[in-house]
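Please look over the sequence and the structure shown below, and keep both in view while you read. The paragraphs that follow go through the model step by step.

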Amino acid sequence: MARITFQKRQKEMKRQEKQRMKAERRAQKKLTKNTEGGGAPIEAIEPMEPMEPLEPMETVETVPVPTDTEP
């Protein structure tokens with residue numbers, strides 16, 4: 001009986017330690033993100049290549065939709 005209790009206690013302590021480590025990693029990541037300045041400066045971003053103009057689409061004839069009202 002005591003062995004099961006001890007195993008449960010060990011398992012719970014491992015779980016709590018894992019939670020603490022995960023919280024520390026999150027806090028470290030958040031701290032690093034805040035100190036970096038949020039990304040690359042605007043000057044560092046490469047300009048996009050000009051796109052080719054799209055060719056016009058063919059026009060499609062519309063067909064009138066019949067209404068439910070009768071004369």
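A good residue to begin with is R26, which has a relative accessible area of 52% and is therefore exposed, since the word exposed is kept for values over 50%. This value, like the others in this text, was computed from a predicted model. If you follow the chain to find R26, you will see that its place is in helix α1, which covers residues 2–36. R26 also belongs to a positive patch on the surface, which it forms together with K18, K22 and R25.

From this one residue we can step back to the chain. The chain holds one helix and zero strands, and of its 71 residues 0% count as buried, where buried would require a relative accessible area under 20%. The area that the chain exposes comes to about 8600 Å², and 58% of that area is supplied by carbon and sulfur atoms.

We can now turn to contacts between charged side chains. How many salt bridges does a search of the whole structure find? The search finds two of them, and each can be looked at in turn.

One salt bridge joins the side chains of R15 and E12, with a distance of 2.4 Å from N to O. These two residues are three residues apart in helix α1, so about one helical turn separates R15 from E12. Neither end of this pair counts as buried, because R15 is partly exposed with a relative accessible area of 40%, and E12 is likewise partly exposed, at 34% relative accessibility.

The other salt bridge is the one in which the side chains of E17 and R20 meet, at 3.1 Å from N to O. Both E17 and R20 lie in helix α1, and they too are three residues apart, which is about one turn of the helix. E17 has a relative accessibility of 36% and so counts as partly exposed, while R20, with a relative accessible area of 45%, is therefore also partly exposed.

Notes:
Residues numbered from 1 in each chain as written. Predicted model: local features only at pLDDT ≥ 70, side-chain atom pairs only at ≥ 80, totals over all residues. Heavy atoms only, no water. Helix = DSSP H or I, 4+ residues; strand = E, 2+ residues; numbered from the N terminus. Buried < 20%, exposed > 50% of the residue type's maximum accessible area, 1.4 Å probe, protein only. Areas by Shrake-Rupley, 256 points an atom, 1.4 Å probe, with all protein chains shown as cover. Patch = residues over 30% accessible without salt bridge, like charges linked within 9 Å, V, L, I, M, F, W, Y side chains within 5 Å. Salt bridge = Lys/Arg side-chain N within 4 Å of Asp/Glu carboxyl O. Lys, Arg positive; Asp, Glu negative; His and termini not counted. Charge placed at Lys NZ, Arg CZ, Asp CG, Glu CD.
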